[in-house]
Amino acid sequence: MALSKTQTKRLGGILTIMFGDDIPSDLITDGYIVVNGQSYELTDKGKDEKNRLCTLAGLNIMYSSEKKETLK
């Protein structure tokens with residue numbers, strides 16, 4: 001199953017946080033990303049959405065901290 005245009009845009013925006021690029025502002029207003037000083041972080045909602053969309057797209061993209069959590 002392919003991601004919709006909206007899902008693709010959202011996943012791309014979420015992944016930019018993981019790689020330190022510029023982000024779309026709608027991800028902040030939708031609660032997926034929070035501003036923390038000069039940096040941005042994914043909220044729990046953002047991590048859940050990243051995992052959901054990555055699963056739909058057949059990807060396995062995680063922060064190293066998420067990999068440690070799954071090993072427990």
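Among contacts in this chain that link residues at least 6 apart in sequence, 36% bring together residues at least 24 apart. Keep in mind that this is a predicted model. The chain has 72 residues, and 28% of them count as buried. Here's a quick tour, from the overall layout down to single side chains.

**Overall layout**
- The secondary structure adds up to 4 helices and 2 strands.
- Reading from the N terminus, the order goes α-α-β-β-α-α.
- About 5,000 Å² of the chain is exposed, with carbon and sulfur atoms supplying 52% of that area.

**Lys-50, a buried lysine**
- Helix H3 covers residues 44-57, and Lys-50 is part of it.
- Lys-50 has 0% relative accessibility, so it goes down as buried; the cut-off for that label is under 20%.
- Beyond its neighbours within four places in sequence, Lys-50 touches Leu-11, Ile-14, Met-18, Leu-42, Ile-61, Met-62 and Glu-66.

**Thr-16 in helix H1**
- Thr-16 belongs to helix H1, which runs over residues 5-19.
- This threonine counts as buried because its relative accessibility is 16%, and buried means under 20%.
- Once neighbours within four places in sequence are set aside, the contacts of Thr-16 are Asp-21, Asp-22, Ile-23 and Pro-24.

**The strands and a nonpolar patch**
- Strand S1 takes in residues 33-36, Val-35 among them.
- With 46% relative accessibility, Val-35 is classed as partly exposed, a label for values between 20% and 50%.
- Val-35 also helps build a nonpolar surface patch of about 240 Å², together with Ile-28 and Tyr-40.
- Strand S2 spans residues 39-42 and includes Ser-39.
- Ser-39 is partly exposed too, because its relative accessibility comes to 36%.
- Ser-39 and Ile-17 are 22 residues apart along the chain, yet their C-alpha atoms are separated by 9.0 Å.

**Aromatic rings**
- If you go looking for aromatic pairs, a search of the whole structure turns up 0.
- What does turn up is a charge over a ring: the charged end of Lys-45 sits over Tyr-32, 4.8 Å from the centre of its ring.

Conventions
Residues are numbered from 1 along each chain as its sequence is written. This is a predicted model: local features need pLDDT of at least 70, side-chain atom pairs count only at pLDDT 80 or more; totals for chains, interfaces and linings use all residues. Side-chain values use heavy atoms; hydrogens and water are left out. Patches are made of residues with over 30% relative accessible area and no salt bridge: like charges are joined within 9 Å, nonpolar side chains (Val, Leu, Ile, Met, Phe, Trp, Tyr) within 5 Å. Accessible areas come from the Shrake-Rupley method with a 1.4 Å probe; for residues, only the protein chains shown count as cover. A salt bridge is a side-chain nitrogen of Lys or Arg within 4 Å of a carboxyl oxygen of Asp or Glu. Buried means under 20% relative accessible area, exposed over 50%, partly exposed in between (1.4 Å probe, protein chains only). Contact means heavy atoms within 4.5 Å. Rings of Phe, Tyr and Trp (its six-membered ring) pair if their centres lie within 6.5 Å; planes under 30 degrees apart count as stacked, over 60 as edge-to-face and the rest as tilted. A charge sits over a ring if NZ of Lys or CZ of Arg is within 6 Å of the ring centre and within 35 degrees of the ring normal.
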